[in-house]
Amino acid sequence: MSVEGTWSIGELAERAGVTVKTVRYYSDLGLLPEEGRSAGGHRRYGPGALDRLRLIRSLRGLDVPVADVGRVLEREGALDDVIAGHLRDVGSRMVALRWREAALRLLQESPAGERAERLRLVGSLSTPPSTAPVARFLRRVLPPRLPARLFSAISDAAVPQPPAEPTPAQVLALARLNALAADAAGAVTVCRTVPGDPGGACRPAVLYEALAEVYAAAAPELRAARQPSGGAVDAFVAAHAGARGLRDTPAFRRRLTVYLDELAHPGVDRFWRLTAELAASPEPTFGATDDWLRAALAAEVTSAG
């Protein structure tokens, strides 16, 4: 250190193990204030500059943006906020890289005849991936005037979040879901009119509210691979009858079985299969539970003659 108690830019650079250009760069940004100037107009730095420069280098070595480095230097307690924000950013980038890796593995493992189609599918996925197109598909499937609270509850349960560490199969499932969402056209809601309509005015909000409860109550039986109990089937029928203001009678059950068969839509069936593949969870989807209850109802109606 010179007799004036300050360092020149070269002396500071040497002690910090950086180039003069680096010291000048941070000085010009205002991150490394000068103590003053020499008689010849050269920059001089005080004793605190070395520690400050080392802190800057440490933060930049962790890829902390320059703007955030400035916050740490100027405000006490900012380091915790900057670290937390940087961790979120790094986590997001890591998820994106894991999805990219799984997509590349999918293509690597694909049969030659399927590789071009799969490349087209996975090439359309954003990174990190988004389920927004899937949610939009669900919006088209569900009746348009469902209460926002009910739609959100159904969407939260029906649309699985992309896993942080996906398998190639999950990448393909989400890519196919996005393609399905882009291609789907027309309403396929369970309340739409078909020839076998069992009568009564279908009230979508009442129906979906009741069905959500029915599916949740029936899920443990389905997870256990048991046949639906009579109570589960009764609750399923009651949900449809109540939504139409009708009574649960043998005649209604026969009409409801025909109606539900006519309502079946391949796009919706595919949606539930793909969401199950994406979730990779033992928890049954609403679609799987509905199919399970419908099959039990049809078997009951058939056996009753």
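A crossing of two helices is left-handed if the near helix is turned anticlockwise from the far one by less than a right angle. With that in hand, let us look at some close-ups of this predicted model.

**View 1. Helix 7 and helix 13 cross in a left-handed sense.** Here helix 7 (residues 132–141) packs with helix 13 (residues 266–279), the axes being 12 Å apart and the angle about 140°. Angles over 145 degrees would count as roughly antiparallel, and the two helices are therefore oblique to each other.

**View 2. Side chains and backbone come together where helix 7 meets helix 13.** Helix 7 brings V134, F137, L138 and V141 to this contact, and helix 13 brings G267, V268 and F271. Sorted by class, the contact has six nonpolar residues, one polar residue and no charged ones.

**View 3. E34 and R43 form a salt bridge.** Their side chains meet with an N to O distance of 3.4 Å. Take a look at how the two partners sit: E34 is partly exposed, with a relative accessible area of 32%, whereas R43 counts as buried at 14% relative accessibility. The cut-off for buried is under 20%.

**View 4. R105 and E101 pair up within helix 5.** The closest N and O atoms of this salt bridge are 3.2 Å apart. Helix 5 spans residues 78–109, and R105 and E101 lie four residues apart in it, so about one helical turn separates them. R105 counts as partly exposed at 39% relative accessibility, and E101 likewise counts as partly exposed, at 41%.

**View 5. A salt bridge joins E300 to R253.** The N to O distance for this pair is 2.6 Å. The bridge links distant parts of the chain, with E300 in helix 14 (residues 286–304) and R253 in helix 12 (residues 250–263), 47 residues apart. E300 counts as partly exposed at 31% relative accessibility, while R253, at 10%, counts as buried.

**View 6. D28, E34, R37 and R43 belong to one network.** The network is built from salt bridges that share partners. Two of its members, E34 and R43, are the pair from View 3, bridged at 3.4 Å. For the wider setting, a search of the whole structure finds 18 salt bridges.

Notes. Residues are numbered from 1 along each chain as its sequence is written. This is a predicted model: local features need pLDDT of at least 70, side-chain atom pairs count only at pLDDT 80 or more; totals for chains, interfaces and linings use all residues. Side-chain values use heavy atoms; hydrogens and water are left out. Axes are lines fitted to C-alpha atoms, for helices over the stretch in contact, and angles run from 0 to 180 degrees between N-to-C directions. Angles under 35 degrees count as roughly parallel, over 145 as roughly antiparallel, 65 to 115 as roughly perpendicular and the rest as oblique. Contact means heavy atoms within 4.5 Å. Ala, Val, Leu, Ile, Met, Phe, Trp, Tyr, Cys and Pro count as nonpolar, Asp, Glu, Lys and Arg as charged, and the others, Gly among them, as polar. A salt bridge is a side-chain nitrogen of Lys or Arg within 4 Å of a carboxyl oxygen of Asp or Glu. Buried means under 20% relative accessible area, exposed over 50%, partly exposed in between (1.4 Å probe, protein chains only).
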